[in-house]
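Biologist: Could you take a close look at one part of this chain for me, and then show how that part sits in the rest of the model? I am new to this, so please go step by step.

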Amino acid sequence: MTDIHAAAPNGKLRDLIEQAILTGDFGPGEKLEEVALAQRFGVSRTPVREALHQLSAAGLVESRPRRGAVVATITPERLVEMFELMAKLAARRLTPETEVAIVEAHKACKAALAKGPDAYYYENERFHFAIYAASRNGFLIEQATALHRRLKPYRRLQLRVRNRVAASFDEHAAIVDAIRDGKAKKAATLIRDHISVQGERFADLMASLPSLKAG
């Protein structure tokens, strides 16, 4: 039996299980049996256990009493609420330094447009963290960062939906303008729409999963 961690030290097994979760092979609330996973991926139970622990730390897997490891149910509502409040605070509390950071992150997103979704993904993350910092609320920053990390793999897949990167950049531009103009309510509305993983955009993502999986 081959130990994938020995053959691929960069977390290959973790990535394989993560991809299976993201593409719906394992649904929310589904139990993740160590023996079954070991057989599926041709490894021993030890690396499976390690991979599940890593995915639990990332928020994709939950450990439940008497059930063991199960696929976490990802709910974005709290993340949306956090972002709305931070956008309002960013508009109200913007400083020259945080304004520069947001503008520079937005410019980096523009430069990444032609490089594809993965390149844009990292600059997009930088943009959102710049808004976190501009809110100047330590508790919200900590909580939203943890929730952002939990949804991170989903956000990355979402950027692969056709035309999503270009649309994301245009939404960023409107958010930047609202924050710089001190329009807190408008900034909150724009960022809520931008980060939503429900509705039409989420439906687009779900419809695209078969091709993403095949790729």
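**A close look at helix α7 and its neighbours**

Modeller: Happy to! Let's begin with the length of helix α7: with 19 residues at 1.5 Å a residue, α7 should span 27 Å, and its end C-alpha atoms are indeed 27 Å apart, so expectation and model agree. Please keep in mind that this is a predicted model.

Which residues of α7 are buried? They are Y120, Y121, N124, E125, F127, H128, A130, I131, Y132, A134 and S135. As you read along that list, a general point about helices may help. An α-helix has 3.6 residues a turn, so residues three or four places apart point the same way.

Now follow the chain out of the helix. Just after α7 comes R136, with a positive phi of about 55°. R136 lies in the loop between α7 and α8, which covers residues 138-158. Why look twice at this residue? Most residues other than glycine have a negative phi. R136 has its positive phi although it is not a glycine. As for its surroundings, R136 has a relative accessibility of 49%, and therefore counts as partly exposed; the cut-off for exposed is over 50%.

Next, let's turn to a partner of α7, helix α6. Helix α6 takes in residues 96-112, and its 17 residues should span 24 Å at 1.5 Å a residue; the end C-alpha atoms are 24 Å apart, so this helix agrees with the expected value too. The buried residues of α6 are T98, I102, V103, A105, H106, A108, C109 and A112. What covers them? The cover includes α7, residues 117-135, and α9, residues 164-180.

Two residues of α6 let you see this cover in detail. Start with A108, which is found in helix α6. Its relative accessibility is 14%, so A108 counts as buried, since buried means under 20%. Leaving aside residues up to four places away in sequence, A108 touches E123 and R126. You can also compare sequence and space here: A108 and Y122 are 14 residues apart in sequence, and their C-alpha atoms are 9.6 Å apart.

The second residue is H106, also found in helix α6. H106 counts as buried because its relative accessibility is 14%. Again without residues up to four places away in sequence, H106 touches F127, F169, H172, A173 and V176. Compare those numbers with the helix ranges: α7 runs over 117-135 and α9 over 164-180.

How far can you trust this region? Among the elements of the chain, α6 has the highest mean pLDDT, at 97, while helix α1, residues 4-7, has the lowest, at 41. Over residues 1-10 the pLDDT stays under 50, and for that stretch the model has 18 contacts beyond four places in sequence. The chain as a whole averages a pLDDT of 81, and 79% of the residues score at least 70.

Stepping back, what else is in the chain? Its secondary structure comes to 11 helices and two strands. From the N terminus on, the order of the elements is α-α-α-α-β-β-α-α-α-α-α-α-α.

Another pair of helices to find is α3, residues 34-41, and α4, residues 45-57, which pack at an angle of about 110° with their axes 9 Å apart. Angles of 65 to 115 degrees count as roughly perpendicular, and α3 and α4 are therefore roughly perpendicular to each other. The residues making this contact are E34, V35, L37 and A38 from α3, together with R45, V48, R49 and L52 from α4.

The two strands are β1, residues 61-64, and β2, residues 68-71, which pair in the antiparallel sense over four bridges. In β2, A69 is the bridge partner of S63, and G68 is the bridge partner of R64. The strands form a hairpin with three residues between them, and in the turn R66 has a positive phi of about 65°.

Finally, two figures for the whole chain. Of its 215 residues, 47% count as buried. Among contacts between residues at least 6 apart in sequence, 70% join residues at least 24 apart.

Notes
Residues are numbered from 1 along each chain as its sequence is written. This is a predicted model: local features need pLDDT of at least 70, side-chain atom pairs count only at pLDDT 80 or more; totals for chains, interfaces and linings use all residues. Side-chain values use heavy atoms; hydrogens and water are left out. The expected span of a helix is 1.5 Å times one less than its number of residues. Buried means under 20% relative accessible area, exposed over 50%, partly exposed in between (1.4 Å probe, protein chains only). Contact means heavy atoms within 4.5 Å. Two strands pair if DSSP finds at least two bridges between them. pLDDT is the predictor's confidence in each residue, from 0 to 100. Axes are lines fitted to C-alpha atoms, for helices over the stretch in contact, and angles run from 0 to 180 degrees between N-to-C directions. Angles under 35 degrees count as roughly parallel, over 145 as roughly antiparallel, 65 to 115 as roughly perpendicular and the rest as oblique.
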